[in-house]
Protein chains: 2
Amino acid sequence: MSLCPGIDGARLWASLMSLAEIGATAGGGVTRLALDDDDRRARDLFVRWCRDAGCTVRVDAVGNLFARRAGRDAAAAVVMTGSHLDTQPGGGRFDGAYGVMAGLEVLRTLHDAGIDTAAAIELVAWSNEEGTRFAPSMMGSMAYAGLIDAAQVLDTRDSAGRRYGDELARIGCAGQGLGGDAIAAYFEAHIEQGPVLEARGATIGAVTGGQGQRWYDLRLLGSAAHAGSTPMAGRRDALLGAARVIEAARRIASAHDEGRVTVGQLHVVPNSRNVVPGEVRMTLDIRHPDDRVRNAMDEALQAAVHAAAAAEGLQLTIERVLDQPAAAFDAACIARVRDAARREGYSQLDIVSGAAHDAVAIARIAPVGMIFVPCAGGISHNEAESATPADLAAGCQVLLRALLGACGHPAAQAPRSTPTLAEASTP
Amino acid sequence: MSLCPGIDGARLWASLMSLAEIGATAGGGVTRLALDDDDRRARDLFVRWCRDAGCTVRVDAVGNLFARRAGRDAAAAVVMTGSHLDTQPGGGRFDGAYGVMAGLEVLRTLHDAGIDTAAAIELVAWSNEEGTRFAPSMMGSMAYAGLIDAAQVLDTRDSAGRRYGDELARIGCAGQGLGGDAIAAYFEAHIEQGPVLEARGATIGAVTGGQGQRWYDLRLLGSAAHAGSTPMAGRRDALLGAARVIEAARRIASAHDEGRVTVGQLHVVPNSRNVVPGEVRMTLDIRHPDDRVRNAMDEALQAAVHAAAAAEGLQLTIERVLDQPAAAFDAACIARVRDAARREGYSQLDIVSGAAHDAVAIARIAPVGMIFVPCAGGISHNEAESATPADLAAGCQVLLRALLGACGHPAAQAPRSTPTLAEASTP
């Protein structure tokens with residue numbers, strides 16, 4: 001009986017730290033926006049590493065990178081894993097990067113151990129998951145899943161007016177084709193980006209699904225006026241309206257267990273210290289694991305937004321830019337994650353993802369599972385994002401077992417051969 | 001007995017419209033920021049027009065432009081008028097520009113009529129009144145009055161890091177010397193920038209003083225976090241703290257008759273739609289005609305700001321960047337304005353300036369008066385800023401009489417010789 005190989009936790013950590021040097025910030029984080037020069041460098045490193053691990057690499061029409069480890073049976077549906085290489089502005093070293101580097105570490109381990117599988121295994125680096133530079137988020141995986149048009153993706157422009165398609169060509173990642181492969185299973189490893197695993201003392205989160213989310217763009221139009229000579233009673237202050245929306249967002253989210261509402265982006269016009277703001281553009285991000293509750297939160301928010309605008313005499317424009325229902329992951333995939341964690345002896349619990357992930361998009365076209373590991377204080381989208389080498393190694397080992405299991409390889413149920421795992425170097 | 005000459009309202013209006021073409025916006029306003037290329041063009045036009053009206057022009061160390069009409073008595077203290085050529089971003093055609101063009105129209109009228117005065121008359125275009133690009137506002141007049149250091153002015157940088165002194169040299173306005181002249185009287189004509197004259201049906205406001213103002217820069221530091229996975233209870237959202245400050249500003253200002261508090265500028269970091277804001281930088285502008293009331297408002301605001309920060313667990317930095325006490329203008333100058341309006345038969349009322357003006361700085365070193373004319377809806381610092389040719393001509397005629405009066409010229413008390421005034425062309 002073939003034993004299950006153990007991934008190399010120290011090598012995984014070293015890969016993560018090398019990757020984090022690309023776009024590193026002074027504060028210990030990473031700024032690597034989709035299709036910028038650092039994203040290009042990260043992609044180039046990914047391609048080189050994957051080829052060194054025996055994979056062939058291709059890029060599709062929207063810039064998703066696929067590293068394929070061939071299987072014995074060319075007709076078998078592919079088993080996939082992956083995540084993303086782009087980050088938030090001033091983001092952390094692990095969001096996205098971990099899922100890609102964990103997949104790479106699995107490929108390297110299988111390569112070193114000489115294990116072959118019936119199905120091919122593909123590691124994907126999805127393009128533009130964060131959506132910070134080009135909105136919306138998860139563009140690459142959504143296009144792959146047929147949820148948005150490739151043409152729409154390519155025509156998206158950043159705030160400087162640069163076109164996604166042009167930037168993709170600029171960094172040498174404008175490929176051919178999009179989706180269409182039969183996928184046996186897709187697994188994604190990710191830091192939790194929330195505080196639950198740490199608070200409960202669990203190493204592995206078996207993710208049962210993703211909460212739904214809805215995004216709005218709001219525009220409040222008042223009247224710019226002189227800060228000294230305009231009486232308070234006569235003002236139509238767009239920023240005051242925005243302030244009331246922000247307070248309503250907190251109040252409504254807090255009133256719904258597990259509800260989350262965020263105003264993350266806000267621009268003031270003309271943004272001059274002695275001018276009453278005439279215009280505010282802002283965003284609303286509404287999430288809940290239960291779509292009915294999310295809809296109720298949304299209705300309450302809409303009412304609050306209209307009331308805030310009316311009270312200050314503001315013109316209001318609301319545009320919905322994303323509407324993603326809650327996603328339930330595949331029972332068999334979830335069971336594989338639980339089983340892998342149990343066999344490795346890691347503490348685990350079932351968890352709903354608060355964040356959106358590429359896995360949520362892929363869940364629309366394939367059986368999906370996710371593996372969460374703890375991050376310090378639940379902090380993410382922040383330079384201070386932190387996770388331990390041991391936890392990251394544990395998640396990677398679970399990923400390896402889940403992928404082997406989906407390939408029908410017996411090693412997925414076997415004892416582990418090597419003990420290099422949890423003794424990863426400390427940061 | 002020499003008659004009082006009448007200014008040419010149509011010529012005044014034409015000058016204003018020509019000037020408004022420099023930095024004109026699509027929305028009918030003007031963006032002409034201090035020391036930018038359009039400011040340079042406006043300055044060049046000012047210099048040419050003043051020379052054509054028989055004046056000599058000089059520029060001082062901080063970029064203030066002085067156009068001098070010589071008097072008979074070289075020892076007599078100068079009589080001054082002026083305002084500024086720079087505008088807010090997306091500002092109007094009259095704020096500042098009117099005071100300079102009205103002064104020019106007076107000089108042209110005296111030139112055409114061949115009137116000579118004992119004292120020299122100087123028309124000043126103060127540098128950087130708005131303070132939008134280089135803070136604080138009224139830099140040129142404050143430096144002239146000795147309220148801030150010339151070296152400090154020259155070393156001020158804009159948000160792109162460009163130095164005031166370097167930009168001044170770039171536009172050819174780095175001159176020599178600063179202040180020191182004995183000033184017999186200073187008058188400034190300006191649109192009211194508030195609704196009082198229009199609401200009361202008065203053509204001329206005899207300004208009795210300026211309300212005090214205090215400016216703060218606030219920095220609220222929370223923790224950037226993932227919008228999906230961070231529970232509401234664990235957030236330290238800098239923008240929520242800011243929203244509570246904005247609401248407190250409205251509440252406290254409204255509770256004090258004639259009080260004004262404005263949050264005009266606000267920046268969110270990282271300003272990404274799916275990240276809880278980790279940092280907000282914002283401004284506070286606090287004004288009241290009575291310094292004791294303004295201090296009480298300030299105290300209430302400070303308490304509210306600290307409470308908002310504490311409630312959300314935010315670190316708070318407050319920096320005071322301007323503190324200008326209320327200013328009472330000179331009784332004799334105010335009387336000259338009232339007298340001029342009465343002789344011309346214009347309806348008038350006494351008024352306190354809600355806005356800060358160069359005149360408020362000059363009031364620290366010289367007898368000062370101001371002349372307000374109505375603007376539509378009290379709207380200013382806005383592209384929609386509007387004033388009628390007839391009102392603008394009336395204010396200019398009052399300015400002419402006030403200046404002649406301060407020069408001791410008998411025409412100030414004489415009937416007007418020409419009827420070209422109120423029949424100015426309509427826009």
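These exercises walk through a predicted model, each with a worked solution.

Local features need pLDDT of at least 70, side-chain atom pairs count only at pLDDT 80 or more, and totals for chains, interfaces and linings use all residues. Residues are numbered from 1 along each chain as its sequence is written, and chains are lettered from A and ligands numbered from 1 in the order in which they are written.

**Exercise 1. Find how the radius of gyration of chain A compares with that of a compact globule.**

Step 1. Take the radius over C-alpha atoms; the globule rule is 2.2 Å times the number of residues to the power 0.38.
Step 2. For 427 residues, the rule gives a value near 22 Å.
Step 3. Chain A has 23 Å, which agrees.
Step 4. Add the box: the C-alpha atoms of chain A fill roughly 85 × 45 × 40 Å along the principal axes.

**Exercise 2. Describe how α1(A) packs on α3(A).**

Step 1. Locate the helices, which are DSSP runs of H or I with at least four residues, numbered from the N terminus (strands are runs of E, at least two). Helix α1 of chain A covers residues 9-20, and helix α3 of chain A covers residues 97-113.
Step 2. Fit lines to the C-alpha atoms over the stretch in contact; angles run from 0 to 180 degrees between N-to-C directions. The two axes come within 10 Å and cross at roughly 135°.
Step 3. That angle makes α1(A) oblique to α3(A). (Under 35 degrees is roughly parallel, over 145 roughly antiparallel, 65 to 115 roughly perpendicular, the rest oblique.)
Step 4. List contacts, meaning C-beta atoms, placed from the backbone, within 7 Å. In α1(A), the residues include A:L12, A:L16 and A:L19; in α3(A), they include A:Y98, A:M101 and A:L104.

**Exercise 3. Which helix or strand gives the largest share of the side of chain A that touches chain B?**

Step 1. Count the residues: the contact takes 57 from chain A and 57 from chain B.
Step 2. List elements supplying at least two residues each on the chain A side; among them are β7 (212-221), α8 (238-254) and β12 (279-288).
Step 3. The largest share, eight residues, comes from α8(A).

**Exercise 4. Place B:D73 and state its exposure.**

Step 1. B:D73 sits in the loop between β2 (65-69) and β3 (78-84) of chain B.
Step 2. It has 13 C-beta neighbours inside 10 Å, so B:D73 counts as partly exposed. (Buried needs 20 or more other C-beta atoms within 10 Å, exposed 12 or fewer, partly exposed in between; C-beta atoms are placed from the backbone.)
Step 3. Leaving aside neighbours within four places in sequence, B:D73 is in contact with B:A118 and B:A119.
Step 4. The C-alpha atoms of B:D73 and B:T117 are separated by 8.3 Å, although these residues are 44 apart along the chain.

Terms used:
Contact = placed C-beta atoms within 7 Å.
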